[in-house]
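Biologist: I'm new to this one and would rather see one part properly than skim the whole thing. Could you walk me through a single strand and its surroundings?

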Amino acid sequence: MAADELLADPAELAVKLGREADDPQLLWALKQASRRFRGQVHHPVTLVTDDEVTLDGNGRESLLLPVWPTTAVAQVLLDGVELTEGTDYSWSDAGILRRLGCHRWPDRLRCITVVYTHGWADTPEDIQEVILERAEAAFTIPVGVQSKAVGGQSVTFGAQMAAGSTEAWTKAVDRHKVRASGDA
């Protein structure tokens, strides 16, 4: 299993669960949690170099690139014509692409093509935290079980933890999901 498939460190989960970091079940739980997170935010989270996207113009001075942080903008085409950074546009690591010289992006569909680098070389801590939380739940809570009794002992799992949609998970997904130009 490639290390970049996992959005959290197996060694951290191994310590918590008292298992080895290369335990197949532990790695499976981390892989599933990472896949689920990526599926819900609709992007890889990790660093992506020279990703090409076609965007709709919004008639405004600024528009949002779909995934942040933005670490480089290699090319911006407007209706197939290359724009010049510093003269025609500027960009920020927050993924804002701004027209310069009192210009606005046209209010037309699919008129802007951007080649940019985005994502994280190191997974943010809020993502790592929810991945570890979800993987631990997948590892320790039997699927579909909210309570379990053995002998005189009884354990009740929170429905959110059993389902995997804790408040922390929801906030992390909302913070890191792909953005639409209307999110500005």
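Modeller: Here's a close look at strand 6 and its partners, followed by a glance at the other strands. Keep in mind that this is a predicted model.

Strand 6 covers residues 96-99, and its side chains take turns. L97 and R99 point to one face and are buried, while I96 and R98 point to the other face and are not.

Now for the partners. Strand 2, residues 62-64, pairs with strand 6 in the antiparallel sense, over three bridges. If you want a spot to find that pairing, look for L64, which stands opposite I96. Strand 5, residues 89-91, also pairs with strand 6 in the antiparallel sense, again over three bridges. Here the spot to look for is S90, standing opposite R98. So I96 and R98, the two that are not buried, turn up again as the residues facing L64 and S90. Strand 5 and strand 6 make a hairpin with four residues between the strands, and in that hairpin G95 takes a positive phi near 85 degrees.

Step away from strand 6 and you'll find four strands forming an open antiparallel sheet in the order 1-7-3-4. Strand 1 (48-55) and strand 4 (81-82) are at the edges with a single partner strand each, so one side of each has no neighbour in the sheet. Further in, strand 3 (residues 70-78) and strand 7 (residues 112-118) run antiparallel and are joined by seven bridges. To find that pairing, look for L78 opposite I112.

Key. Residues numbered from 1 in each chain as written. Predicted model: local features only at pLDDT ≥ 70, side-chain atom pairs only at ≥ 80, totals over all residues. Heavy atoms only, no water. Buried < 20%, exposed > 50% of the residue type's maximum accessible area, 1.4 Å probe, protein only. Pairing = 2+ DSSP bridges.
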